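Got a minute for a quick look at a ligand and the space around it? Here's a short briefing to read alongside the coordinates.

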Amino acid sequence: MPRNHVILVGFMGAGKSSVGRLLARRLGRCFVETDDMIASREGRSISEIFRREGEARFRELEAEAVEALRLKSGEVIATGGGLPCREQRMETLRALGTVVWLRGDLAELVARARRTGARPMLQGRTPEEIEALYRSREPYYRLAHVTVDTTGLGPDQVAARVLAALRDTHAARV
Ligand code: S3P
C-alpha cells in the first residue's frame with residue numbers, strides 16, 4: 001500500500017532538514033529525519049555511532065529506519081545523504097511515497113554541509129574523494145520522482161519549488 005510520504009533525498013548540505021521542516025509546516029504534516037530516528041533509538045549521536053561502531057553498522061540502522069517508515073504514513077521525511085544509495089533502496093523509497101531529489105552545485109553543498117553540524121562522511125576526505133562519493137551517489141538520487149535544483153536558493157525558495165513540483169506530479173498522476 002502506498003504510504004504517501006514525501007521523501008527528500010540528496011547529498012549532505014542539500015538542505016533536506018530545513019526544507020523538510022518548512023514543507024511539513026506548509027502541508028500540515030509531521031516531519032521526521034531518519035538520522036533522528038536512528039540517534040534516538042540508539043541513544044547516541046550519528047557521529048558517535050560512526051566513531052564507535054563504524055559506517056557499516058550505521059547503514060544497518062538506516063535499513064531499520066526505512067523499515068520503520070512503512071509503519072507510518074503521510075509524513076515529510078528527510079533522509080541521510082547515503083541512505084538511498086544501496087541496491088533496491090530507491091525502489092523501496094519510491095513505493096513509500098513521492099521521492100524528491102534536492103540537487104545542487106557540489107561546491108555549494110559541501111560548503112553548507114561543513115558549516116552545519118558534524119558530517120563523519122566528509123571528515124578526512126580530500127575534495128577529489130568527496131567528488132567521487134558524490135558521483136557514485138548521483139545515479140541513485142536520479143531515480144527520484146522529482147528533481148529540484150537548489151543552486152543559489154534559500155530554504156524558503158526551495159520549499160516553494162518542491163511544493164509546485166509536488167502539485168504538478170500529483171496532477172499528472174490523477
Ligand atoms: C551521511 C549523511 C548524513 C548522515 C550521516 C551519513 C552520508 O546526513 O546520515 O552522517 O553518508 O552522506 P545528511 O545528509 O543530513 O548530512
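What follows covers the pocket, the ligand and one backbone oddity.

Keep in mind that this is a predicted model. The main thing to look at is the largest pocket, since that's the space the ligand takes. Helix α3 is worth keeping in view throughout: it gives the most residues to the pocket lining, and it also gives the most to the shell around the ligand.

**The pocket**

- The largest pocket comes in at a volume of about 620 Å³.
- Its lining runs to 29 residues, and the ones nearest the centre are Met12, Ser17, Asp35, Ala118 and Arg119.
- Three elements each put two or more residues into that lining: α1 (16-27), α2 (34-42) and α3 (46-69).
- Of these, α3 is the top contributor to the lining, with 6 residues.
- By residue type, the lining splits into 9 nonpolar, 11 polar and 9 charged.

**The ligand and its shell**

- There are 14 residues around the ligand, and Lys16, Asp35, Arg59, Arg119 and Arg137 come nearest.
- That shell breaks down as 6 nonpolar, 3 polar and 5 charged residues.
- Helix α3 supplies 4 residues to the shell, the most of any contributor.

**Polar contacts to ligand oxygens**

- Arg137 has a polar side-chain atom 2.6 Å from an oxygen atom of the ligand.
- For Lys16, an N or O atom of the side chain sits 2.7 Å from a ligand oxygen.
- Arg59 also has a side-chain N or O atom 2.7 Å from an oxygen atom of the ligand.
- How much of the ligand does the protein cover? On its own the ligand has 380 Å² of accessible area, and the protein covers 95% of that.

**A backbone oddity**

- Away from the ligand topic, take a look at Gln88, which lies in the loop between β3 (76-78) and α4 (89-96).
- Phi of Gln88 is near 75 degrees, so a positive value in a residue that isn't glycine.
- For context, most residues other than glycine have a negative phi.

Definitions and conventions. Residues are numbered from 1 along each chain as its sequence is written. This is a predicted model: local features need pLDDT of at least 70, side-chain atom pairs count only at pLDDT 80 or more; totals for chains, interfaces and linings use all residues. Side-chain values use heavy atoms; hydrogens and water are left out. On a 1 Å grid over the protein atoms alone, a cavity is a set of points where a 1.4 Å probe fits but cannot get out, and a pocket is an open set with protein on both sides within 12 Å along at least five of seven lines; lining residues have an atom within 4 Å of a point. Grid points are joined across faces, edges and corners, and a volume is the space filled by probe spheres set on the points. Ala, Val, Leu, Ile, Met, Phe, Trp, Tyr, Cys and Pro count as nonpolar, Asp, Glu, Lys and Arg as charged, and the others, Gly among them, as polar. A residue is near a molecule or strand if one of its heavy atoms lies within 4 Å of it. A polar contact is a pair of N or O atoms within 3.5 Å; within protein, one must be able to donate a hydrogen and the other to accept it, and residues adjacent in sequence count only if both atoms are side-chain atoms. Accessible areas come from the Shrake-Rupley method with a 1.4 Å probe; for residues, only the protein chains shown count as cover. A molecule sits in a cavity or pocket if more than half of its atoms lie within 2 Å of its grid points.
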